[in-house]
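Grab a viewer and a pencil: here are some exercises to work through. Try each task yourself before you read the solution under it.

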Amino acid sequence: MEGDRMEAGNQKENIHVEVHVKSHSTAKRSEVGTHVLALLNRHSMVFGNYKWTEFDEDLLRKNVESVTIADTEKRPIDLKSCSVSLHIFTLNDDGPSTVSLEEEEELSAANHWLLPAAEFHGIWESLVYESGVKTQLLDYVSTTIYFSDKNVDSNLISWNRVVLLHGPPGTGKTSLCKALAQKLSIRLSSRYSYGQFVEINSHSLFSKWFSESGKLVTKMFQKIQQLIDDKDALVFVLIDEVESLTAARNACQAGTEPSDAIRVVNSVLTQLDQIKRHSNVVILTTSNVTEKIDLAFVDRADIKQYIGPPSEKGIYNIYLSCLEELMKCQIIYPRQQLFAMVELETMGFTKSVLFEHSLTLRNIALKSKGLSGRALRKLPFLAHALFVKTPTVTLERFLEAMDQAVDKQREEKANLVNGV
């Protein structure tokens, strides 16, 4: 289930190292792996989430984009006392293809990506959640695959391969589904040759398909079944806004939709029940309106994870990653140090010249509570567009612009609520 391993010492901690190989590379993976292990052996102590992007060694420089100590806290790690799992991967540069069912109508039923996809690269790292949500989701799917590999009798121990992420709009649920699929296609690259990601167009399902009495739903799942039949592929099926299943069923029971609507809903549920029997499929679903989800569907979900608005700490970390990127691109110049929230907490948020900019950013984060993750990621762009208007800017001036942009966002949000 894991990649190549380097065992050292007796401690159990396992560190995941992701090796992003350049798309034009012709080097054998085993050769790359050997050189990466040699690189790690030259560094006994590293920090969690550390990334190498420049290499002294010729083979790594020619063939590897990056080597990352992934999904660990930012703390010192003694590589000599860990077991290391290597995950070597190349990104697929092709964009999404459309899954069409009826050529004459060109009905777009779903979008389809090969994983790991260049389009999904970096999403996992950009999403900031509290309480280990991402790790729990990774562990859930890993256990799903492991139980299947061990032929655990699913009649005795039940699991459905269905994940439901629910919560308000703009909290990154769809992005998290894509990032989770990407991460698992990398993590399980020694178990599966590649990943497949199918995003079903829910709105298309429930606006155009009633007249076909669920036949087109069956056709779509037959196409998904063809992907699943390749046992070298790990297949992810995403149904966004799954509450639309319930809306269709309720409308039918209220007599406002034709009886075909209920057949569409039942067809989807039946097809999900059929494909989840396969060991190489995971069904990912999202909902913005939790109370409206069909109970028949909720019962099928193994994990029902609430994804809420970011906390103060989450907002600070989102802003911190944005500012680091702008400093890397030299839009904010010169580079100045910003401290992590944990470092500010350790110092008791003491005012000092050293922490001045970081404390200003914390105040902006406090003021930003209530904004969605989507709005937070957009805010540095708006700050530059509306209040900076120069090619480069100092960190101090940019923080002032961000503060103004937050005020403007809150004002616009209030106007929307009040109908101004």
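**Exercise 1.** Work out how helix 11 and helix 15 are oriented relative to each other, and what kind of residues sit in their contact.

*Solution.* Bear in mind throughout that this is a predicted model.

- Step 1: start with the two numbers. A pair of packed helices is described by the angle between the axes and the distance between them. Here the axes of helix 11 and helix 15 come within 12 Å and cross at roughly 135°.
- Step 2: classify the angle. An angle has to be over 145 degrees to count as roughly antiparallel, and 65 to 115 is roughly perpendicular. Helix 11 and helix 15 are therefore oblique to each other.
- Step 3: get the hand. The crossing of helix 11 with helix 15 is right-handed.
- Step 4: list who meets whom. From helix 11 come Tyr319, Leu323 and Leu326, and they meet Leu395, Phe398, Leu399, Met402 and Val406 of helix 15.
- Step 5: sort them by class. The contact of helix 11 with helix 15 has 8 nonpolar residues, with no polar and no charged ones.

**Exercise 2.** Do the same for helix 4 (residues 133-149) and helix 5 (residues 173-187): find the crossing angle, the hand and the residue classes.

*Solution.*

- Step 1: the axes of helix 4 and helix 5 come within 11 Å, with a crossing angle of roughly 55°.
- Step 2: that angle makes helix 4 oblique to helix 5.
- Step 3: helix 4 passes helix 5 with a right-handed crossing.
- Step 4: on the helix 4 side, the contact uses Val133, Lys134, Leu137, Leu138, Val141 and Ser142. On the helix 5 side, Leu176, Leu180, Lys183, Leu184 and Arg187 take part.
- Step 5: in the contact of helix 4 with helix 5, the tally is 7 nonpolar, 1 polar and 3 charged residues.

**Exercise 3.** Look at Leu188: where is it, is it buried or exposed, and how far is its C-alpha atom from that of Ile145?

*Solution.*

- Step 1: Leu188 belongs to the loop between helix 5 and strand 11 (194-200).
- Step 2: its relative accessible area is 3%, so Leu188 is buried.
- Step 3: Leu188 and Ile145 are 43 residues apart along the chain, and their C-alpha atoms are separated by 9.4 Å.

**Exercise 4.** Place Gln305, decide whether it is buried or exposed, and name residues it touches.

*Solution.*

- Step 1: Gln305 is in strand 14 (residues 303-306).
- Step 2: the cut-off for buried is under 20% relative accessible area. Gln305 comes in at 15%, so it is buried.
- Step 3: leaving out residues up to four places away in sequence, Gln305 touches Val133, Gln136, Leu164, Leu165 and His166. One of these, Val133, also turns up in the contact of helix 4 with helix 5.

**Exercise 5.** How many residues of strand 7 (residues 83-90) are buried, and how does strand 2 (residues 14-21) run against it?

*Solution.*

- Step 1: count the buried positions. In strand 7, 7 of the 8 residues are buried, so the strand is largely enclosed by the rest of the structure.
- Step 2: look at the pairing. Strand 2 and strand 7 run parallel and are joined by 8 bridges.
- Step 3: pick a register. Val17 stands opposite Leu86 in strand 7.

**Exercise 6.** Go hunting for backbone oddities: which peptide bonds to Pro116 and Pro334 are cis or trans, and what sign does phi take at Asp71 and Lys389?

*Solution.*

- Step 1: recall the baseline. Most peptide bonds are trans, and most residues other than glycine have a negative phi.
- Step 2: check the prolines. The bond from Leu115 to Pro116 is cis, with omega near -5°, and Pro116 is in the loop between strand 9 (108-115) and helix 3 (123-126). Tyr333 and Pro334 are also joined by a cis bond, with omega about 0°. Pro334 is in the loop between helix 11 (312-328) and helix 12 (341-346).
- Step 3: check phi. Asp71 has a positive phi, near 55°, and lies in the loop between strand 5 (64-70) and strand 6 (76-78). Lys389 has a positive phi of about 65°, in the loop between helix 14 (373-388) and helix 15 (395-418).
- Step 4: add accessibility. Asp71 is partly exposed at 34%, whereas Lys389 is exposed at 64%.

Conventions
Residues numbered from 1 in each chain as written. Predicted model: local features only at pLDDT ≥ 70, side-chain atom pairs only at ≥ 80, totals over all residues. Heavy atoms only, no water. Helix = DSSP H or I, 4+ residues; strand = E, 2+ residues; numbered from the N terminus. Buried < 20%, exposed > 50% of the residue type's maximum accessible area, 1.4 Å probe, protein only. Axes fitted to C-alpha atoms, helices over the stretch in contact; angles between N-to-C directions. Parallel < 35°, antiparallel > 145°, perpendicular 65-115°, else oblique. Left-handed = near helix turned anticlockwise from the far one by under 90°. Contact = heavy atoms within 4.5 Å. Nonpolar A, V, L, I, M, F, W, Y, C, P; charged D, E, K, R; others polar. Pairing = 2+ DSSP bridges.
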